[in-house]
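Reader: I am new to this structure and would like to know what stands behind the terms used for it. Could you take me through them?

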Amino acid sequence: MTTSPRRYHITTFGCQMNKADSERMAGILEDMGFEWSEDPNDANLILYNTCTIRDNAEQKVYSYLGRQAKRKHEQPDLTIVVAGCVAQQEGESLLRRVPEVDMVMGPQHANRLKDLLQQVFDGNQVVATEPIHIMEDITKPRRDTTVTAWVNVIYGCNERCTYCVVPNVRGIEQSRTPEAIRLEMEELGRQGYQEVTLLGQNIDAYGRDLPGVTPEGRHQHTLTDLLYYVHDVPGIERIRFATSHPRYFTERLIKACAELPKVCEHFHIPFQSGDNEVLKRMSRGYTHEKYRRIIDTIRQYMPDASISADAIVGFPGETEAQFENTLKLVEDIGFDQLNTAAYSPRPGTPAALWDEQLSEEVKSDRLQRLNHLVALKAAERSQRYMGRTEEVLVEEQNPKDKTQVMGRTRGNRLTFFAGDIHELKGKLVKVRITEVRAFSLTGEACLTVTSKR
Ligand code: SAH
Ligand code: SF4
Ligand code: F3S
């Protein structure tokens, strides 16, 4: 008797952290003999890697899950796994809510997928949400792309921003060793990857849980030291990192970025609010003045640097005047890109319990006003690219125009230009910019810089 191969499908919600975890879990499944199924309805293992940052992200998971739970009644050999942040937040209660689920596993357990699945195949319903030490994963991730890759450097978060579920669901900070990070990057370089984004919820916390202090009393392993340690990895031409926290962002780091040619001039530094009172009640640990100083310093060292950020509107008790301070900061800084969100009360976070919650109308009105300004400012920022020659790393074909390829500038602007993807994928190309829009550019190739593949 021949058995057809087991097929899996992973649906990923949420941030880059989840995407990186999904790639590792896909690697583990393929190592176990599973094959990727593009159509989820054709898979016999469905894995949802979930996000709970806002209520709508969580609700989306339940609607997807409902559909697969129904399918399980017709196809009992279907395995349903819920991983990620909703899994961690809900734990066993998720099994009560959706009894068809076979396994609930928190983000810290991603690398244990093989052992956990074995328990499921032995006939158990499994809940893996206890805090654990994250082991180095020895299987190879199945990455979604062949040009750019994510590399985790620190898991978890020890901050306590009063609106945020991340520390509850991702656990305490756990840094990987510089050696493990470098080894992973060297392997990526050998495989032909050109760009690496180092990942952490608060990447400036990197290393503070690792042993070792310098004679001056500073932690031996910081993000800055890590950048110096990995910047010469062969094959890797661009290095990015995210997410930065204004509370811990240092001038030493800015200097390193200016000095190290592979580190791209793009900074993602969420400010959340432009009002000091709101920042205090968010427990962010900085003022808008400090935030402005950081951006000024970056621009002193790298006048053309791109700046992006996240912001929340409608935090409990936010007054119109306080919201206007956020508008003012956005007006003054001129972000290249800003991710905006209306505040969403999250279970287990302090701010969710406060009395001064704002109405949905006020929140969505403020969100619209902020988004309007963001698009205007981004369009202004794009203007500086007009007529310039930018280095673009080609990632994909333009899905909307097959005669074009697309990639990103060092400043992270999405750029399109005419070309053949088979010839250009993974290449750094000098592109003269002929058209600018708020969040993307169009140009024409003048010269291919690298021809490694
Ligand atoms: N670690 C990063 C961000 C993690 S979450 C940081 O410190 O900035 C990504 C973004 O989601 C946050 O920057 C914030 O803007 C948004 N966010 C987090 N919790 C939220 C909530 N309860 N409601 C609305 N937006 C939220
Ligand atoms: Fe959440 Fe704050 Fe940690 Fe970012 S730094 S993940 S916003 S608690
Ligand atoms: Fe969402 Fe978890 Fe990331 S809550 S934003 S997937 S850390």
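Author: In this predicted model, six strands make up an open sheet with the order S2-S1-S3-S4-S5-S6, paired in the parallel sense.

Reader: What makes strand S2 and strand S6 stand at the edges?

Author: Strand S2 (35-36) and strand S6 (126-128) each have a single partner strand, so one side of each has no neighbour in the sheet.

Reader: How do you know that strand S4 and strand S5 pair?

Author: Two strands count as paired when there are at least two bridges between them. Strand S4 (residues 79-83) and strand S5 (residues 103-105) are joined by three bridges and run parallel, so the condition is met. Val 82 stands opposite Val 104 in S5.

Reader: What holds such strands together in general?

Author: Strands of a sheet pair through backbone hydrogen bonds, in either a parallel or an antiparallel way.

Reader: Which strands does helix H1 lie across, and at what angle does it run to S1?

Author: Helix H1 (residues 16-31) lies across strand S1 (7-12), S2, strand S3 (45-50), S4 and S5, and runs at about 175° to S1. Angles are taken between N-to-C directions on a scale from 0 to 180 degrees, so a value of about 175° means that H1 and S1 point in nearly opposite directions. Helix H5 (residues 113-121) lies across S3, S4, S5 and S6, at about 160° to S5.

Reader: Which feature does UniProt place at residues 6-122?

Author: An unreviewed UniProt entry places "domain: MTTase N-terminal" there. The span of residues 6-122 is 50% helix and 19% strand, and its end C-alpha atoms lie 16 Å apart. The record also lists "domain: Radical SAM core" (unreviewed entry) at residues 143-380. For residues 143-380 the shares are 38% helix and 15% strand, with end C-alpha atoms 35 Å apart.

Reader: Which residues surround ligand 3?

Author: A residue is included if one of its heavy atoms lies within 4 Å of the ligand. For ligand 3 these are Cys 15, Asn 18, Thr 50, Cys 51, Thr 52, Ile 53, Cys 85, Arg 170 and Gln 201. By class, four are nonpolar, four are polar and one is charged.

Reader: What surrounds ligand 2?

Author: The residues around ligand 2 are Cys 157, Glu 159, Cys 161, Tyr 163, Cys 164, Val 166, Pro 167, Gln 201, His 245 and Arg 284. Six of them are nonpolar, two are polar and two are charged.

Reader: Which strands form the sheet that has S13 in it, and in what order?

Author: Three strands form this open sheet in the order S12-S13-S14, with parallel pairing. Strand S12 (266-268) and strand S14 (337-342) are its edges, because each has a single partner strand. Neighbouring strands in this sheet are turned by 10° against each other on average, direction ignored. Strand S13 (residues 306-313) pairs with S14 over six bridges, and Val 313 stands opposite Ala 342 in S14. Helix H11 (residues 288-301) packs on the sheet, touching S12 and S13, and its direction makes about 165° with that of S13.

Reader: Why is Gln 272 called buried?

Author: Buried means under 20% relative accessible area; Gln 272 has 7%, so the term applies. Gln 272 is in the loop between S12 and helix H10 (276-281) and has a positive phi of about 70°, although it is not a glycine.

Reader: Why is Ser 283 called partly exposed?

Author: Its relative accessible area is 33%. Partly exposed covers what lies between under 20% and over 50%, so Ser 283 belongs there. Ser 283 sits in the loop between H10 and H11, with a positive phi of about 60°.

Reader: What makes these phi values worth a remark?

Author: Most residues other than glycine have a negative phi, and most peptide bonds are trans. The peptide bond from Ala 242 to Thr 243 is cis, with omega near 5°.

Reader: Why is strand S15 described as largely enclosed?

Author: Seven of the 10 residues of strand S15 (residues 389-398) are buried, so the rest of the structure largely encloses it. S15 pairs with strand S18 (residues 428-436) in the antiparallel sense over five bridges.

Notes:
Residues are numbered from 1 along each chain as its sequence is written. Chains are lettered from A and ligands numbered from 1 in the order in which they are written. This is a predicted model: local features need pLDDT of at least 70, side-chain atom pairs count only at pLDDT 80 or more; totals for chains, interfaces and linings use all residues. Side-chain values use heavy atoms; hydrogens and water are left out. Ala, Val, Leu, Ile, Met, Phe, Trp, Tyr, Cys and Pro count as nonpolar, Asp, Glu, Lys and Arg as charged, and the others, Gly among them, as polar. UniProt positions are given in the numbering used here, feature names are shortened, and annotations may be inferred rather than shown by experiment. Helices (H or I, at least four residues) and strands (E, at least two) are DSSP runs, numbered from the N terminus. Contact means heavy atoms within 4.5 Å. Buried means under 20% relative accessible area, exposed over 50%, partly exposed in between (1.4 Å probe, protein chains only).
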